[in-house]
Amino acid sequence: MKVKTVLCPRFSEVSRSFFNRDCQVHTAWTDGACAPREILKAAEDLGLDTLAFTEHIRSESVYFKDFFREIEGLRKGLVMKVFIGVETKVIDEEGQLDISSADYAMAEIVLGSVHRIPHNGGFYHPRDLGLEVTLEEEFRYLMAMLRGGRVDVLAHPFGMSLRMFNVFSTDHLEEVIRTAALTGVAFEFNSKYASPVFLKEAVRFCRKHDPLVSLGSDVHKIEDLGRCRGILEGLI
Ligand SMILES: [Zn+2]
């Protein structure tokens with residue numbers, strides 16, 4: 001919650017300078033290809049002014065303190081604003097997250113996502129649940145995170161339905177954006193998951209409900225960095 005106000009403006013306050021950022025970045029500390037140092041160099045070359053490392057984390061992860069220390073060292077003296085955060089998945093209907101309380105307290109920004117979907121006591125890949133169950137369950141757990149009060153940013157909302165089935169429900173999308181605006185959780189525009197139709201509808205509902213917003217590319221390779229910068233071009 002600490003830096004959210006810096007990172008995530010209200011949709012109505014978004015100006016061109018907002019685009020010059022990437023707020024979902026993974027490194028070789030988890031499943032990304034590059035070291036943080038390489039990411040920062042590439043981000044400077046691209047002229048980004050804001051970057052958030054949002055490393056994948058689970059409750060049993062033990063690396064976060066060391067990761068935090070490394071980035072803290074690297075960001076010293078940079079003009080670019082660099083934040084040290086996490087991306088973690090929702091694990092139940094209360095919106096609890098798969099992260100230890102120590103790592104949660106240390107993270108400067110917490111992205112919550114639906115990855116493996118909780119269903120009937122287990123965690124499932126959307127492909128094994130099928131379209132209809134995935135649509136309903138993804139919506140239910142996005143809402144759980146919004147009401148749970150633990151996440152700063154809703155990461156790639158509806159990403160599972162979009163990625164596996166290229167489908168989303170307009171009603172669900174509006175309800176998520178409306179609730180995000182009420183609860184102060186930022187809605188992420190993510191270049192990896194969002195289709196042009198989805199972006200258009202999301203912008204329409206953001207205009208209506210005015211939630212906080214974030215922008216990320218879900219960077220895993222250096223070429224991904226900054227991809228999110230263009231996705232709202234022409235829509236806002
Ligand atoms: Zn993710």
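**Figure 1. No disulfides here: a look at the cysteines.** This predicted model holds zero disulfides. Take Cys 23 to begin with: its closest cysteine sulfur belongs to Cys 8, and at 6.8 Å that is too far for a bond. A disulfide would need the two sulfur atoms within 2.5 Å. Cys 23 is also tucked away from the surface, being buried with a relative accessible area of 3%. Cys 34 tells a similar story: the sulfur of Cys 228 is the closest cysteine sulfur to that of Cys 34, but the 16 Å separating them is too far for a bond. Cys 34 counts as buried as well, with a relative accessible area of 9%.

**Figure 2. The zinc ion and the residues that hold on to it.** Which protein residues act as donors to the zinc ion? They are Glu 87, through OE, plus His 115 and His 156, each through NE2. These donors sit 2.0 to 2.2 Å from the zinc ion. Read along the chain, their spacing is E-x27-H-x40-H. His 115 is in the loop between strand S4 (109-113) and strand S5 (117-119), while His 156 is in the loop between strand S7 (153-154) and helix H6 (159-165), so the two histidines tie together parts of the chain that are 41 residues apart in sequence. Is His 156 buried or exposed? His 156 is buried, with a relative accessible area of just 3%.

**Figure 3. Inside the largest pocket.** Here we peek into the largest pocket, whose volume is about 510 Å³. Its lining is made up of 24 residues, and the ones closest to the centre are Asp 31, His 56, Arg 58, His 115 and Arg 116. You may recognise His 115 from the previous figure, where it is one of the donors of the zinc ion. Strand S3 (81-89) chips in at least two lining residues, and so does H6. What sort of residues make up the lining? Nine are charged, nine are polar and six are nonpolar.

**Figure 4. Stepping back to the whole chain.** With the close-ups done, here is the setting they come from. The protein chain is built from eight helices and nine strands. Its radius of gyration is 17 Å, close to the 18 Å that the globule rule gives for 236 residues, so the chain is as compact as a globular protein of that length. Measured off along the principal axes, the C-alpha atoms fill a box of roughly 50 × 40 × 30 Å. Of the 236 residues, 58% count as buried, and among the buried residues are Cys 23, Cys 34 and His 156.

How values were computed: Residues are numbered from 1 along each chain as its sequence is written. This is a predicted model: local features need pLDDT of at least 70, side-chain atom pairs count only at pLDDT 80 or more; totals for chains, interfaces and linings use all residues. Side-chain values use heavy atoms; hydrogens and water are left out. Donors are N, O and S atoms within 2.8 Å of the metal (3.2 Å for Na, K and Ca); water is not among the atoms, so sites may look incomplete. Helices (H or I, at least four residues) and strands (E, at least two) are DSSP runs, numbered from the N terminus. Buried means under 20% relative accessible area, exposed over 50%, partly exposed in between (1.4 Å probe, protein chains only). On a 1 Å grid over the protein atoms alone, a cavity is a set of points where a 1.4 Å probe fits but cannot get out, and a pocket is an open set with protein on both sides within 12 Å along at least five of seven lines; lining residues have an atom within 4 Å of a point. Grid points are joined across faces, edges and corners, and a volume is the space filled by probe spheres set on the points. Ala, Val, Leu, Ile, Met, Phe, Trp, Tyr, Cys and Pro count as nonpolar, Asp, Glu, Lys and Arg as charged, and the others, Gly among them, as polar. The radius of gyration is taken over C-alpha atoms; the globule rule is 2.2 Å times the number of residues to the power 0.38.
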